[in-house]
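The following account leads the reader through one protein model, from its overall surface to individual residues. Please keep the sequence and the coordinates at hand while reading.

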Amino acid sequence: MNKLSFLLAALCVSLNAQDAKPAEAKAAPAAVAAPEVKLADKAEQKTYFAEVWVGKTIADCLNFQKNIQVLSQQVEELKRLQVFLDNALTTPEKEARGHEIAAKGAKLKGDNESMGKLYNGFSIDRPYQFIATKAIIATPISNEEFTKLSAAKDFKADTIIAVGEKKYHIRDTISGQGDVETFGVSLKRITDAKAQLQQLIDLQPKLTKEDDKKKVEKAIKEIQDDLTKSLGEFKQARGFDFNADAITLPAEAKLSVQITEDEKKAIEAKNAPASDKK
């Protein structure tokens, strides 16, 4: 939490305190010394990941994310059904819930196995990392804007993508895992600053203390200055103004799954040069 978040929290607490009715005073309980807790020394457990698949297009990456979303929804549905089963009161209800869980569990198992075949051993049961190594930034365009763009002599059809019922114009491409991550951080900084600015603006009319008003005015000025700088840097780097409706999509990505130490050793042995295997 940054200092502006602390300020927002403090002012909200102050406002709530002003609105609250004074409570009846109560004697504070005697302080009791907390028991000393000793943590046992534990060796840090290492985790290993193996790359199993590479997405080479926007469609590849979006399909994987869509498939993961479907599996995740199935897992959540099974959890919800289990709660219903645990709370079932009659035998018929328990049997019905049990049959439904079995059927949906079998469906999840089959879909998970299909994912394993499609993504070279992926499983929803294992931790995984989906890391974008290339991303595109696209801004929404209207049908009129699309007609104008497509009429240009240098128009390239692959600069237009459709997401749902909306069309987007690809404005920039970011290549390299590090650059994609850095861009994500800068984008979050802008969106977070805009959100904080709006919160402070909404808070202003509710303030009654002059000191609080001055603090908020100062904070708003600081955020506006930071935003102006960040938005200027964004335009200089990307060649167009920041658009809150723009989307960032992975265009290339790598998928890795967590493996055990024994699996790691087996992979290393398999990939060892022929001279090392003798």
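**From the surface to the interior**

The accessible surface of the protein amounts to about 19900 Å², and carbon and sulfur atoms hold 53% of that area. The model is a predicted one, and every value given here is computed from it. Of the 278 residues of the protein, 26% count as buried.

The secondary structure consists of eight helices and five strands. Read from the N terminus, these elements follow the order α-β-α-α-β-α-β-β-α-α-β-α-α. Among the contacts in the protein with a separation of 6 or more, 78% are between residues 24 or more positions apart. Several of the residues discussed below illustrate contacts across the sequence.

The path may begin with helix 3, which spans residues 91–118. Leu-118 belongs to helix 3. Apart from neighbours within four places in sequence, Leu-118 is in contact with Trp-53 and Asn-67. Trp-53 is 65 residues from Leu-118 along the chain, yet the C-alpha atoms of the two are separated by 9.0 Å.

Between helix 3 and strand 2 (128–141) runs a loop that contains Asn-120. The phi angle of Asn-120 is near 55 degrees, which is a positive value in a residue other than glycine. Is Asn-120 buried or exposed? Its relative accessible area is 48%, so Asn-120 is classed as partly exposed; the exposed class requires over 50%.

Strand 2 itself contains Ile-136. Because the relative accessible area of Ile-136 is 4%, this residue counts as buried, the limit being under 20%. Which residues surround Ile-136 when those up to four places away in sequence are not counted? The residues touched by Ile-136 are Ile-58, Ile-161, Ile-170, Asp-172, Thr-173, Ile-247, Thr-248, Leu-249 and Ala-251. One of these, Ile-247, lies 111 residues from Ile-136 along the chain, and the separation of their C-alpha atoms is 8.2 Å.

The contact between Ile-136 and Asp-172 leads on to strand 4, which comprises residues 166–175 and includes Asp-172. His-169 is also found in strand 4. With a relative accessible area of 17%, His-169 falls under the 20% limit and is therefore buried. Leaving out residues up to four places away in sequence, His-169 touches Ile-137, Ala-138, Thr-139, Ile-141, Leu-149, Thr-159 and Ile-160. Asp-158 is eleven residues from His-169 in sequence, and the C-alpha to C-alpha distance between them is 9.2 Å.

Asp-172 has a relative accessibility of 18%, and it is for this reason that Asp-172 counts as buried. Beyond residues up to four places away in sequence, Asp-172 touches Ala-135, Ile-136, Ile-137, Ala-237, Arg-238 and Phe-240. With which residue does the side chain of Asp-172 make a polar contact of 3.0 Å? The partner is the side chain of Arg-238.

Arg-238 in turn directs attention to the second largest pocket, since Arg-238 is among its lining residues. The other residues of this lining are Asp-179, Thr-182, Phe-183, Ser-186, Arg-189, Ile-190, Ser-230, Glu-233, Phe-234 and Ala-237. The elements that contribute two or more residues to the lining are helix 5 (177–203) and helix 6 (210–238). Helix 5 provides the largest share, namely six residues. Sorted by class, the lining comprises four nonpolar, three polar and four charged residues. The space in the second largest pocket is about 190 Å³. Rolling a probe the size of a water molecule over the atoms is what reveals where such empty space is left.

One of the lining residues, Ser-230, is found in helix 6. Is Ser-230 buried or exposed? The relative accessibility of Ser-230 is 15%, and this residue therefore counts as buried. Neighbours within four places in sequence aside, Ser-230 is in contact with Arg-189 and Ile-190. Arg-189 and Ile-190 also appear in the lining of the second largest pocket.

The route can be retraced through its contacts. Ile-136 in strand 2 touches Asp-172, and Asp-172 in strand 4 is joined through its side chain to that of Arg-238 by a polar contact. Arg-238 lines the second largest pocket, to which helix 5 gives the largest share of residues.

Key: Residues are numbered from 1 along each chain as its sequence is written. This is a predicted model: local features need pLDDT of at least 70, side-chain atom pairs count only at pLDDT 80 or more; totals for chains, interfaces and linings use all residues. Side-chain values use heavy atoms; hydrogens and water are left out. On a 1 Å grid over the protein atoms alone, a cavity is a set of points where a 1.4 Å probe fits but cannot get out, and a pocket is an open set with protein on both sides within 12 Å along at least five of seven lines; lining residues have an atom within 4 Å of a point. Grid points are joined across faces, edges and corners, and a volume is the space filled by probe spheres set on the points. Helices (H or I, at least four residues) and strands (E, at least two) are DSSP runs, numbered from the N terminus. Ala, Val, Leu, Ile, Met, Phe, Trp, Tyr, Cys and Pro count as nonpolar, Asp, Glu, Lys and Arg as charged, and the others, Gly among them, as polar. Buried means under 20% relative accessible area, exposed over 50%, partly exposed in between (1.4 Å probe, protein chains only). A polar contact is a pair of N or O atoms within 3.5 Å; within protein, one must be able to donate a hydrogen and the other to accept it, and residues adjacent in sequence count only if both atoms are side-chain atoms. Contact means heavy atoms within 4.5 Å. Accessible areas come from the Shrake-Rupley method with a 1.4 Å probe; for residues, only the protein chains shown count as cover.
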